[in-house]
Structures are given as structure tokens and as C-alpha cells.
Amino acid sequence: MQLPRRNRILRRSASIRSMVAETVLRPADFIAPLFIDEGENTASPILSMPGYYRRSLDLTVREVKELYGMGIRSVLLFIKCKDELKDNTGKEAWNRNGLMQRSVKAIKDAVPEMLVMTDVALDPYSSYGHDGIVKDGEIVNDETVEALVKMSVSHAAAGADFVAPSDMMDGRIGAIRSGLEEEGFTQTGIMSYSAKYASCFYGPFRDALDSAPGFGDKKTYQMDTANRVEAIKETLMDVEEGADIVMVKPALAYLDIIREVKNAVEIPVSAYQVSGEYAMIKAAAQQGWLNEEKAIIETLTSIKRAGADLIATYFAREAVKLIN
Ligand code: PBG
């Protein structure tokens, strides 16, 4: 055969492949989610997330130091709220002395260069396990937004670099932006979970925080898996309202959405490789059915190739080790 083009030339060796690789993962691409609990010197394993822990604040600070030393530049904080502090207003969420607020302060004091992002939604604080306030069986929008603004301002006051609203209420990005401006927090960013789908892949996360909805599901606020155009609508509205970074979540089942969002906006796009995505890889690897290290790199590379500039992933630590 005489061929004018032989594509395999560029795949011939590891050196050539690395020279022409279009997508390269870097430690600073990753956002490490952290689960924080009350107490001291405790690390509780999460059954449905093998190898992942809910840590007390002292151990979390130690973890953040290590992550920073490895090259990771951002963490996303979630806290486990005590049952007796949960109610339908979610008011513990904006307690200036709450676990989240204390955690932000402690981490910023210990590692000032680490970017601290905070989850903004009422579910860990809600006696119903919903992201908003419940009235007559419905998750009410506008009152919830008021609560989210108070919550965001309290995170900014504690020193958060970015607040990350994950609740999917209407109008919350604009309201949070105005709330931050009014209180003089002109340097606090907003990473909006703009296209967050009502997904079964959040199951293990809800185990980690004991935050599963007490009734119904989240389909009246999180998006329907079937929809693509709606993701663009949601995202463009969040950009208009003042989001600095937008997010698609989950990641692997929504790579098409990540690409379309990336093409539609002129700000950084993040994607969240969620707890269920982590659990699937871990479970198959534990059975000996998948090579865990290869699955981590393949999925993260695919998510970045799809268009994610940043990736929140429970594999952040492993991924950095693997790419170094
Ligand atoms: C809270 C929140 C959830 C996740 C991030 N923030 C759970 C949910 O919406 O039910 C999921 C993260 C994961 O599964 O890793 N609103």
C-alpha cells in the first residue's frame, strides 16, 4: 500500500503520544471536595465512598496542607450538621459561629493561599433534607433565596474565596451577588452549579452528610436528565446574574452538556465528578474488574477534553500522584 497519510505515525511511541496530546491534566485543575464533621482527631469512613473520609476540622486542616503541598489550589467544603441543629428554616447555615464558618476561617488561617469554596444549599441543615425551605410539601423559591443570600454572606465574612450555590433555585445568583455587594464583599467569587441534574449519582454523598431528602425527590428544582437546551438557558442566566465560574454536574453522564456550555460562555467552566461516579470506579476496582488508576485518568481526561477547565473530584489526591 502507498498511503499519503498514516495516522499511526503520531501514535507510534509514548514520546510521540505525549508530544501531540491535546488534553493535559494539571494539579491546579482539580477542586478537592472535603466533608467536615464536629469533633477532634476523627476520620470516619464513608461506606459508599471507599477510601474517602469525613474528618474533624483539625484533621481537615492537616489534609488541606498536604493537598496544597501537592499542587492542588482549591477545596470545596461540605459540613455534616448535627441533627439537633436542623430545622425547616435552615438557620444554622448562616450561624457566624457554625461549623462551616469556623472551618473556612481555620483553613484560611492555616493555608492562606488555598482557595476555599463553600457549598451553598440548605440540604445539610434542613430537617427535610431538601435544598430549600418546605411549605405545604413544596420547596419554596423566593424565601429560600433569601436564606441562601444570608448563608453566602456569612461564608464571605468567614473568608471564603468562592461561594458555590448548588441549590438550583431561580434568581439566586443575582440575589447572592447583590447581597455580597451590599455587605462590601467585592472580592468573593461565585461558582454556580448552573446545570445541575436530578441525578441518582448523588446517593453516596447523601450518605456522607446524612442529607437524603425526607420526602419526594429533587426534580422540582434540579434539572431533568433529558434536557440539553435548558442547560444552556440556565447557564446563560447565571452568567448574566453574575456568576464567575459555572458548573455542570454530574460530569461523565453529561459530557455533551459540558461541551455545549463551554462553547456558549466566556467564563471558566467546571464539572463535578460526583460521589456516585467515584463509587462506581471504586467498586469495580475492588472487584478487580477495572484498573482504578487508568479509570481515574481516563475519566478525568475525558471531562477536561469535553470542555471543563476545572474538575471537582474525590480523586484529586490520587490524580495528582498519577500525573506526576
Ligand atoms: C447539595 C449538594 C449535593 C451534591 C453537592 N452539593 C447533593 C444533592 O444535590 O442532593 C452532590 C455531590 C456528590 O454527589 O458528590 N445541594
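Start by selecting Gln273: this residue stands opposite Thr313 in strand 12. The model is predicted, so local features need pLDDT of at least 70 and side-chain atom pairs count only at pLDDT 80 or more, while totals for chains, interfaces and linings use all residues. Residues are numbered from 1 along each chain as its sequence is written, and side-chain values use heavy atoms, without hydrogens and water.

**Stop 1: strand 12**

Select residues 310–313, which form strand 12. Strands here are DSSP runs of E with at least two residues, helices are runs of H or I with at least four, and both are numbered from the N terminus. Now add strand 11 (residues 269–273): four bridges join it to strand 12, and the two run parallel. Add strand 1 (residues 30–37), which is parallel to strand 12 and joined to it by two bridges. Strands pair if DSSP finds at least two bridges between them. Find Ile31; its bridge partner in strand 12 is Ala312.

In a regular strand the side chains alternate between the two faces of the sheet. Which residues of strand 12 are buried on each side? Leu310 and Ala312 are on one side, Ile311 and Thr313 on the other, and both faces are covered. Buried means under 20% relative accessible area, exposed over 50%, and partly exposed in between (1.4 Å probe, protein chains only).

**Stop 2: helix 5**

Select residues 172–182. Buried residues here include Arg172, Ile173, Ile176 and Leu180. The cover over the buried residues includes helix 4 (141–158), strand 8 (162–165), strand 9 and helix 7 (229–241). Step on to Gly184, which follows helix 5 and has a positive phi, near 80 degrees.

**Stop 3: two cysteines**

Is Cys81 buried or exposed? Cys81 counts as buried because its relative accessibility is 4%. Cys200 has 64%, so it counts as exposed. The structure holds zero disulfides (pairs of cysteine sulfur atoms within 2.5 Å).

**Stop 4: the cavities**

The structure holds two cavities of 30 Å³ or more. A cavity is a set of points on a 1 Å grid over the protein atoms alone where a 1.4 Å probe fits but cannot get out; lining residues have an atom within 4 Å of a point. The largest has a volume of about 130 Å³. Select Asp123, Lys196, Tyr202, Phe205 and Lys249: of the 16 lining residues, these are the closest to its centre. A volume is the space filled by probe spheres set on the points, which are joined across faces, edges and corners. Strand 9 (189–196) and helix 6 (203–209) each supply at least two residues of this lining.

Terms used
On a 1 Å grid over the protein atoms alone, a cavity is a set of points where a 1.4 Å probe fits but cannot get out, and a pocket is an open set with protein on both sides within 12 Å along at least five of seven lines; lining residues have an atom within 4 Å of a point. Contact means heavy atoms within 4.5 Å.
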